[in-house]
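Colleague: I'd like to walk through this structure with you, one small question at a time. Could you explain your reasoning as you go?

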Amino acid sequence: MSEEPTAVRPPVAMIRTQVELPLQFADGYTTGGRVFSFEGLVDGREHLAFALGDRAAPHSAGDRRVPLIRLHSECLTGDVFGSQRCDCGPQLREAVERIAETGGYLLYMRQEGRGIGLYSKLEAYALQDTGIDTYDANLALGHEGDERSYAAASQMLDALGVSRVALLSNNPDKARQLRSFGVTVVEQVPTGVYVSAANHRYLETKARRGRHTLELPSVLGVSGRMR
Ligand SMILES: [Zn+2]
């Protein structure tokens, strides 16, 4: 797939620091990693890139093979505390292992609550408990349904020497935005779907309102992993 002619590249960002960061998850899974910080990101946030697998070695920038990339939006409740209201924790865990196997980067984007922030996300949860879905709850709080821009992600990839990616995502907006910023998305690789009784409605809404490509079981309360 070729770069879209309308692509508008954001300003160039630079790598600020890179350092080895071995990872161990709650289930015992471990992998080597290298974490990068940046200078000049357009939204001024402290996003991180984790190089995993064969990309975790120093001086691997400029490798011509297409890396597997995941843009993971920060979710404090799901990533750190294992919240059952969403599937972010298992998504993050899966992404790290799959990227470590293949070689690539996990971009950890500080975009809590689809960009509305942590406190607003909790307010949106409270609204959802009155029967409103996750997108309408954001709208009711004066936000967009999804406020995330991936301009900074495209800057980070550029700084890492990556112009072509295999994108690990079920979210078509991520591929569309990356292409609009000049990144060539060679392939979109679907992630697993993690369903629990508590997040079933949330996932259904993501599929319906966010046009995520998810296949959900019709029976509520199914817990486990599907492809
Ligand atoms: Zn989450």
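Colleague: Which side chain makes a polar contact with the side chain of E94?

Modeller: Keep in mind that we're looking at a predicted model. E94 lies in helix α2, which covers residues 88-102. E94 counts as buried because its relative accessibility is 5%, and the cut-off for buried is under 20%. At 2.6 Å, the partner of the E94 side chain is the side chain of R98.

Colleague: OK, let's zoom out for a moment. How many helices and strands does the chain have?

Modeller: Some background on the whole chain helps here. Buried residues make up 51% of its 227 residues. The accessible surface is about 11200 Å², and carbon and sulfur atoms account for 52% of that. As for the elements, the chain has seven helices and eleven strands.

Colleague: What share of the contacts between residues at least 6 apart in sequence join residues at least 24 apart?

Modeller: One example first: V66 and V186 are 120 residues apart in sequence, yet their C-alpha atoms are 8.0 Å apart in space. Now for the chain: among contacts between residues at least 6 apart, the share that joins residues at least 24 apart is 64%.

Colleague: Let's stay with V66. Is V66 buried, partly exposed or exposed?

Modeller: V66 is found in the loop between β5 (48-52) and β6 (68-73). Leaving aside neighbours within four places in sequence, V66 is in contact with R55, R164, V165, A166 and V186. Its relative accessibility is 32%, which lies between the 20% and 50% cut-offs, so V66 counts as partly exposed.

Colleague: Now the metal. Which residues coordinate the zinc ion?

Modeller: Follow the chain and you'll find the donors with the spacing C-x10-C-x1-C. Two of the cysteines are buried: C86 has a relative accessible area of 4%, and C88 comes in at 14%. Through their SG atoms, at 2.2 Å, the residues that coordinate the zinc ion are C75, C86 and C88.

Colleague: On to the rings. How many aromatic pairs are there?

Modeller: A ring pair is described by how far apart the centres are and by the angle of the planes. To count as a pair, the ring centres must lie within 6.5 Å. By that rule, the number of aromatic pairs is two.

Colleague: Is the pair of F25 and Y29 stacked, tilted or edge-to-face?

Modeller: The centres of F25 and Y29 are 6.2 Å apart, and the angle between the planes is 45 degrees. Stacked needs under 30 degrees and edge-to-face needs over 60, so the pair of F25 and Y29 is tilted.

Colleague: And F36 with Y105, how many residues apart are they?

Modeller: These rings form an edge-to-face pair, 6.5 Å centre to centre with 70 degrees between the planes. F36 belongs to strand β4 (residues 33-39) and Y105 to strand β7 (residues 104-109). Both F36 and Y105 are buried. The pair links distant parts of the chain, and the separation is 69 residues.

Colleague: Which residue has its charged end over the ring of F25?

Modeller: F25 has 21% relative accessibility, which is not under the 20% cut-off, so F25 counts as partly exposed. The charged end over the F25 ring is 5.9 Å from the ring centre, and it belongs to R93.

Colleague: R114 is also over a ring. Which residue has that ring?

Modeller: R114 is found in the loop between β7 and α3 (118-128). With 11% relative accessibility, R114 counts as buried. Phi of R114 is near 50 degrees, a positive value in a residue other than glycine. R114 lies 4.3 Å from the ring centre, over the face of Y135.

Colleague: One last loop: which residue's side chain is joined to that of N170 by a polar contact?

Modeller: N170 is found in the loop between β8 (164-168) and α6 (172-180). Its relative accessibility is 6%, so N170 counts as buried. The polar contact is 2.8 Å, and the side chain at the other end is that of T191.

Conventions:
Residues are numbered from 1 along each chain as its sequence is written. This is a predicted model: local features need pLDDT of at least 70, side-chain atom pairs count only at pLDDT 80 or more; totals for chains, interfaces and linings use all residues. Side-chain values use heavy atoms; hydrogens and water are left out. Rings of Phe, Tyr and Trp (its six-membered ring) pair if their centres lie within 6.5 Å; planes under 30 degrees apart count as stacked, over 60 as edge-to-face and the rest as tilted. Buried means under 20% relative accessible area, exposed over 50%, partly exposed in between (1.4 Å probe, protein chains only). Helices (H or I, at least four residues) and strands (E, at least two) are DSSP runs, numbered from the N terminus. A charge sits over a ring if NZ of Lys or CZ of Arg is within 6 Å of the ring centre and within 35 degrees of the ring normal. Donors are N, O and S atoms within 2.8 Å of the metal (3.2 Å for Na, K and Ca); water is not among the atoms, so sites may look incomplete. A polar contact is a pair of N or O atoms within 3.5 Å; within protein, one must be able to donate a hydrogen and the other to accept it, and residues adjacent in sequence count only if both atoms are side-chain atoms. Contact means heavy atoms within 4.5 Å. Accessible areas come from the Shrake-Rupley method with a 1.4 Å probe; for residues, only the protein chains shown count as cover.
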